[in-house]
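Thanks, everyone. I would like to walk through one structure this morning, going helix by helix and then on to the sheet and the core.

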Amino acid sequence: MVAYKFINLYTKNYNVTVRSDLVGKEKLKIGELAEITGITKRTIDYYTNLGLLKAERSTSNYRYYPQEAIVRLQKIEEKKEQGMSLEKIKHELEKENVEEIDIQEIRLHMQYLEKKYLPCLNKLITKRKLPSIL
């Protein structure tokens, strides 16, 4: 057994004991996720059915959760402690995901524009003997 500190990004720290073969795995079975987080399999299953968590099904019908489910479960539990309904929590978590995707898309578009137009801008600067923008 390995001691694994489950660090909360907000207010609490959770200490749980996890088998060393679970730490660092890409995907977790529901029992492994329950063991890491201290949340029951039944609750995790309930959250999955409500759409709060996403799981992939294997050909043998096992549910596999990504590592991010650990932090997501932590956020769900914190928001529940603050008195939020599960429906409101789901809405908040979906909003966070959309904002993250939007920011990534904007960054990629900015990189594309820099690559496309920076050489032209530098040529103009050189031609007109203006201070460089880089």
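Let me begin at the glycine just after α2, residue 51, which takes a positive phi of about 90°. Please keep in mind throughout that what you have in front of you is a predicted model.

Staying with α2 itself, the buried residues of this helix are Ile44, Tyr47 and Thr48. Seen down the helix axis, these buried residues fall within an arc of 100°, so they line one face of α2. On the face turned away from that buried side, the helix carries Arg42 and Asn49, which are exposed.

Now to α3, where a glycine again follows the helix: glycine 83, just after α3, takes a positive phi of about 95°. How far apart are the end C-alpha atoms of α3, and does that agree or disagree with what its 14 residues should span? At 1.5 Å a residue the expected span is 20 Å, and the end C-alpha atoms are 20 Å apart, which agrees. This helix is mostly covered, with 10 of its 14 residues buried, and the buried set includes Ile70, Leu73 and Ile76, but also charged-looking names on your sequence such as Arg72, Glu77 and Lys79.

Lysine 79, which lies in helix α3, deserves a moment. Its relative accessibility is 15%, and because the cut-off for buried is under 20%, lysine 79 counts as buried. Leaving aside neighbours within four places in sequence, lysine 79 is in contact with Met84, Ile89, Glu92, Leu93 and Glu96.

Turning to the sheet, three strands form an open arrangement in the order β3-β5-β4, with antiparallel pairing. The edge strands, each pairing on one side only, are β3, residues 27-29, and β4, residues 56-57. Between β3 and β5, the latter covering residues 63-66, there are 3 bridges, and lysine 29 stands opposite tyrosine 64 in β5.

Finally, the core. In soluble globular proteins, nonpolar side chains tend to be buried together. Here the largest nonpolar core has 17 residues, and those touching the most other members are Leu33, Ile44, Leu53, Tyr65, Leu73 and Ile76. At least two residues of this core come from each of α1 (30-37), α2 (41-50), α3 (68-81) and α4 (86-128).

Which residues does isoleucine 44 touch, not counting residues up to four places away in sequence? Isoleucine 44 touches Ile30, Leu33, Ala34, Thr37, Ile39, Leu53, Tyr65 and Leu73.

Definitions and conventions:
Residues are numbered from 1 along each chain as its sequence is written. This is a predicted model: local features need pLDDT of at least 70, side-chain atom pairs count only at pLDDT 80 or more; totals for chains, interfaces and linings use all residues. Side-chain values use heavy atoms; hydrogens and water are left out. A nonpolar core is a set of buried Ala, Val, Leu, Ile, Met, Phe, Trp, Tyr and Cys residues joined through side-chain atoms within 4.5 Å. Buried means under 20% relative accessible area, exposed over 50%, partly exposed in between (1.4 Å probe, protein chains only). Helices (H or I, at least four residues) and strands (E, at least two) are DSSP runs, numbered from the N terminus. Contact means heavy atoms within 4.5 Å. The expected span of a helix is 1.5 Å times one less than its number of residues. The arc is that of the directions from the helix axis to the C-beta atoms. Two strands pair if DSSP finds at least two bridges between them.
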